[in-house]
Amino acid sequence: MKPASIGRAFLGRSASVALVAAAALTLACPARASGDDRAAAEALFNKGREAAKRGDLDAACAAFEESTRLDPAPGTMFNLGDCEEKRHHDAVAWQWFQETLTKLSNSDKRRSVVRSRISALEARLPTLTIRLAPGSPADTVVARDGSELHEASLGVALPIDAGTHRVVVSASGHQSRTEDVELAQGDHKELVVAPGPETAPAPAPVPTPAIAPPPAAPVTPPQPTPAPASASHPDTRMLGYVIGGAGAASVITALILGGVALGEKSTVEDHCDKSTRLCDSQSAVDAASTGSTLATASTVTFIVGAAALGVGTYFILTSGKAGETSVKASAGLDHARLSLIRTF
């Protein structure tokens, strides 16, 4: 006989079950898994058996459940159901016994052992039937102990552990309704549920008054650019008087110089020969030189003075009138020139 088949045979809680299980040991279990998964499942099964012997049911159930996940052998499922029943999880134990029954063929002698355990559980296992009240909204959701019950679970007597269970019913537009149900062993209760009353519709949002935009600033039409005022012209009369006065003084000086030059010329005529340009005395030579210089100075002074008189007169007459005036002067030993240019 294979060790795996022996190790994972049914192990019951009573002497009668043990005898039946011992008879079942002679039947080899069909191969369910191969390789590492089957070996790991066997190791976990043995760990679960050791924990159960120590009374550590939590560790035992956890090991059996993991072994079942790796290799769902009926012997492991049976031991898991037995472990859960000892933890007073009758509904879970009933489920595992039912799963074990599905794994066994109709000719398998172990079926009678499993059926007896199921019958014993059903005699004391509470059931709770939950129905929706007529007129409940179509989107009503029923949750029992935090797990949602779909439509197929409603109206069916579902096995459940003894104790207090919470049922929450909700629907859109309704308040949630919560009901607690107390079940003892052997109780079979039916609960008709519906969501709570409709919730008050949310108040319509108060429209925010539109804030009127500030009035547009009046558009000021562009003002025509005023024509530039004609430039005022300075008063040049005082300048005219000054220049004219200086010109008059220059003319008088020129006349005086001219008179002195004429006196020197008379001396030269009396003592110098015109044809030979020789003079009979040094005073006559000096008079000739002085007269020539004075004559030139007189001429230049007169011209400048006359021009100054003309400019002064012009400034006096054109004071405050538009136009542009420029004065250019030039002089030499034998000439003098003063130009007055007026632009209108």
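Two strands are taken to pair if DSSP finds at least two bridges between them. The views below show a predicted model.

**View 1. Three-stranded open sheet with mixed pairing.** The strand order is E4-E1-E7. Strands E4 and E7 (188-193) form the edges, each pairing on one side only. Strand E1 (residues 127-132) runs antiparallel to E4, and 2 bridges join these strands. Within this pairing, Leu128 has Leu158 of E4 as its bridge partner.

**View 2. Four-stranded open sheet with antiparallel pairing.** The order of the strands is E3-E2-E5-E6. The edges are occupied by strand E3 (147-149) and strand E6 (177-183), each of which pairs on one side only. From one strand to the next, the twist averages 30°. Strand E2 (residues 141-144) pairs with E3 in the antiparallel sense over 3 bridges. Ala143 stands opposite Glu148 in E3.

**View 3. Aromatic pair formed by Phe45 and Phe64.** The model holds 2 aromatic pairs, counted with ring centres within 6.5 Å as the criterion. The ring centres of Phe45 and Phe64 are 5.7 Å apart and the planes stand at 50°, so this pair is tilted. Phe45 belongs to helix H3 (residues 36-54) and Phe64 to helix H4 (residues 57-70); the pair therefore ties together parts that are 19 residues apart in sequence. Phe45 is buried, with a relative accessible area of 0%, and Phe64 is also buried, with a value of 2%.

**View 4. Aromatic pair formed by Phe78 and Phe97.** This pair is tilted, with 5.4 Å from centre to centre and 45° between the planes. Because Phe78 lies in helix H5 (residues 74-86) and Phe97 in helix H6 (residues 90-103), the contact ties together parts that are 19 residues apart in sequence. Phe78 counts as buried at 0% relative accessibility. Phe97 is likewise buried, with a relative accessible area of 0%.

**View 5. Helix H6 and the elements against which its buried residues pack.** The 14 residues of H6 should span 20 Å at 1.5 Å a residue, and this agrees with the 20 Å between its end C-alpha atoms. Asp90, Ala91, Ala93, Trp96, Phe97, Thr100 and Leu101 are buried in this helix. The packing partners of the buried residues of H6 are H4, H5, helix H7 (111-124) and strand E4 (158-159). Phe97, shown in View 4 as the ring partner of Phe78, is thus seen here among the buried residues of H6.

**View 6. Helix H3 and the glycine that follows it.** For the 19 residues of H3, a rise of 1.5 Å a residue gives an expected span of 27 Å; the end C-alpha atoms are 27 Å apart, which agrees. The buried residues in H3 are Ala41, Glu42, Phe45, Gly48 and Ala51. An α-helix has 3.6 residues a turn, so residues three or four places apart point the same way. After H3 comes Gly55, which has a positive phi near 85°.

**View 7. Polar contact between the side chains of Asp82 and Arg117.** Asp82 is located in helix H5, the helix that also carries Phe78 of View 4. At 4% relative accessibility, Asp82 counts as buried, because the limit for burial is under 20% relative accessible area. The side chain of Asp82 makes a polar contact of 2.8 Å with the side chain of Arg117.

Key:
Residues numbered from 1 in each chain as written. Predicted model: local features only at pLDDT ≥ 70, side-chain atom pairs only at ≥ 80, totals over all residues. Heavy atoms only, no water. Phe/Tyr/Trp six-rings, centres within 6.5 Å; stacked < 30°, edge-to-face > 60°. Buried < 20%, exposed > 50% of the residue type's maximum accessible area, 1.4 Å probe, protein only. Axes fitted to C-alpha atoms, helices over the stretch in contact; angles between N-to-C directions. Expected span 1.5 Å × (residues − 1). Contact = heavy atoms within 4.5 Å. Polar contact = N/O pair within 3.5 Å; in protein donor to acceptor, adjacent residues only side chain to side chain.
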